[in-house]
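Welcome! Open the sequence and the 3D view side by side, and work through the exercises below at your own pace.

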Amino acid sequence: MQYLIVACLAGWGGSLADTTEKRFSQWGQGRLLVLAGSVMLGTIAFMGHALPELVAGHWEILRTKSEPDYANWDFVLVWHILMRCIYAVGMAICAPAIDGLALAHLDIMEGATQADFGKERMYGALFWGLGSLVNGVGIDCFGFDFLYFMVIFSTVTTYLVIGVYMWGLDRDSTGAFARKIGAIETNSCPMSSQNNKEQTAFLPPQNATNSDNIPTKSLLLMLCKTGYGVALMFFLFVLASGISVVDNLAFMFFSFLGSSDTMNGFTVVFTVFMEVPCFYLAPELLKRHGPGRMLLYAGLAYVIRVTGYTVVPKGHMWMVLILELFHGITYACQKVGSVEYVARIMPKGLEASGQGILLLVNYFGVVVGLVVAGWMQEKLGPRVMYGFMGLVVFLGVIVLVVAEKCSSDVAEPNVMVNHRKGERTHLIQK
């Protein structure tokens with residue numbers, strides 16, 4: 001349910017960040033305001049999970065006749081589902097807002113391009129790994145209530161970072177971040193005049209030059225205007241389905257193998273061990289291989305990983321740690337490749353909206369993947385389920401490779417150029 005809400009609202013969340021940005025006189029304030037609000041919404045929702053336990057002894061509606069000191073589990077279940085739904089709304093707004101802000105910043109920053117997104121995302125991977133390790137040890141030592149402390153700490157730190165970032169924007173001496181993003185015009189799109197005509201053909205006439213009102217459907221059609229684009233969206237859908245399974249069900253499988261919470265934390269550390277160099281080298285990898293090939297590498301790494309899951313014996317978690325290195329490759333290449341592909345197509349000023357469309361595709365894949373994988377794991381066991389998901393993602397790899405070979409639109413250099421830098425790029429490097 002949480003992921004379905006994100007899938008349905010991600011496009012709106014990205015559009016909200018972009019349209020709010022245009023209402024402020026200083027660059028970045030709109031997206032930062034949306035980001036700060038979504039972080040607070042997610043924090044309140046997470047902390048709300050503690051409320052039933054805190055008030056169970058004082059609120060009559062939460063009591064049961066047989067166990068007066070404990071909450072009524074029917075009510076508690078509904079409450080936790082409500083909190084998860086609110087958290088999902090915050091995530092649907094936060095994720096495209098922060099990625100859109102990063103892309104817009106790199107587009108303006110001297111000496112950088114949007115291809116440097118991976119280097120920025122590297123720091124997220126580092127803190128993700130550190131936080132997961134700390135959480136794993138903390139849960140083993142203090143229980144799950146430790147997570148409430150970590151959420152408060154993370155939220156306070158996030159607001160401090162936003163404040164420092166705004167302070168840095170105020171001290172900008174170049175004037176680059178004083179420029180505002182207005183309505184989309186022909187010369188502001190990252191395409192040649194010919195491709196710009198193809199792009200605006202998907203837009204209603206009254207919206208062709210107004211970024212405030214471009215519907216989600218039109219943005220999605222921009223990404224799917226070629227056969228290769230359709231194939232790539234299909235691949236992202238199935239890859240997201242596969243990744244969702246290991247992100248949400250892997251720890252259950254690890255417990256089946258005899259893992260502890262601390263060991264689960266170490267599995268994340270091993271994934272980050274490979275994510276960091278992949279993110280750091282992202283600009284060079286994009287230059288050499290293009291986003292399409294990076295997505296292919298992500299899919300192949302995923303297939304290797306889950307195939308390994310099918311043969312790991314119980315009590316051999318060290319083998320899982322080795323396999324987790326492939327997840328670092330999968331996530332980094334998938335994130336960088338997909339973000340770069342979408343960023344090259346979206347008009348300037350719609351960075352967050354484009355990432356919202358990407359999240360829409362990914363999270364619908366997540367929903368389908370979890371429904372199918374959950375049923376398979378319950379009926380056939382985790383090993384069969386992971387084997388099946390590996391086959392599904394491998395099918396996506398085949399579709400993308402065939403599309404690359406058959407589509408003339410990727411056989412020639414792409415005419416898209418970076419908004420400001422004028423760099424020619426290839427979707428698939430030959």
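A residue is called buried when its relative accessible area is under 20%, exposed when over 50%, and partly exposed in between (1.4 Å probe, protein chains only). The model is predicted, so local features need pLDDT of at least 70 and side-chain atom pairs count only at pLDDT 80 or more, while totals for chains, interfaces and linings use all residues. Residues are numbered from 1 along each chain as its sequence is written, and side-chain values use heavy atoms, with hydrogens and water left out.

**Exercise 1. Get an overview of the protein.**

Step 1: Start with the secondary structure. Helices (H or I, at least four residues) and strands (E, at least two) are DSSP runs, numbered from the N terminus. The protein has 14 helices and two strands.

Step 2: Turn to burial. Of the 430 residues, 49% count as buried.

Step 3: Look at the surface. Accessible areas come from the Shrake-Rupley method with a 1.4 Å probe; for residues, only the protein chains shown count as cover. The protein exposes about 20,200 Å², and carbon and sulfur atoms supply 67% of this area.

Step 4: Consider the contacts, meaning heavy atoms within 4.5 Å. Among contacts with a separation of 6 or more, residues 24 or more positions apart account for 78%.

**Exercise 2. Check the span of helices H5 and H13.**

Step 1: The expected span of a helix is 1.5 Å times one less than its number of residues.

Step 2: Helix H5 covers residues 117-142, so its 26 residues should span 38 Å; the end C-alpha atoms are 37 Å apart, which agrees.

Step 3: Helix H13 (residues 351-380) has 30 residues and reaches 42 Å from its first C-alpha to its last, close to the expected 44 Å.

Step 4: See what comes next in the chain. Gly-143 follows H5 and has a positive phi, near 90°. Gly-381 follows H13, with a positive phi near 100°.

Step 5: Pick out the buried residues of H5; among them are Phe-117, Gly-118, Arg-121, Met-122 and Ala-125.

**Exercise 3. Describe the aromatic pairs.**

Step 1: Rings of Phe, Tyr and Trp (its six-membered ring) pair if their centres lie within 6.5 Å; planes under 30 degrees apart count as stacked, over 60 as edge-to-face and the rest as tilted. A search of the whole structure finds seven such pairs.

Step 2: Take Phe-279 and Tyr-331. Their ring centres are 6.2 Å apart and their planes stand at 80°, so this pair is edge-to-face. Phe-279 lies in helix H10 (residues 261-280) and Tyr-331 in helix H12 (residues 317-345), so the pair ties together parts that are 52 residues apart in sequence. Phe-279 counts as buried, at 0% relative accessibility.

Step 3: Compare Tyr-309 and Tyr-386, an edge-to-face pair with 5.0 Å from centre to centre and 75° between the planes. Since Tyr-309 belongs to helix H11 (residues 282-309) and Tyr-386 to helix H14 (residues 382-406), this pair ties together parts 77 residues apart in sequence.

Step 4: Find the cluster. Ring pairs link Phe-142, Phe-146, Phe-149 and Phe-153.

**Exercise 4. Explore the surroundings of Tyr-386.**

Step 1: Is Tyr-386 buried or exposed? Its relative accessible area is 0%, so Tyr-386 is buried.

Step 2: List what Tyr-386 touches, not counting residues up to four places away in sequence: the partners include Val-245, Leu-249, Phe-253, Val-306 and Tyr-309. Ala-250 is 136 residues from Tyr-386 in sequence, yet 9.7 Å away in space, C-alpha to C-alpha.

Step 3: Place Tyr-386 in a nonpolar core, which is a set of buried Ala, Val, Leu, Ile, Met, Phe, Trp, Tyr and Cys residues joined through side-chain atoms within 4.5 Å. The largest core has 69 residues, and Tyr-386 is one of those with the most contacts inside it, as are Leu-232, Tyr-302 and Met-385. Helix H9 (residues 227-257) gives the largest share of this core, 16 residues.

Step 4: Look for another core. A second, separate one of 13 residues includes Ala-10, Ala-88, Met-91 and Val-366.
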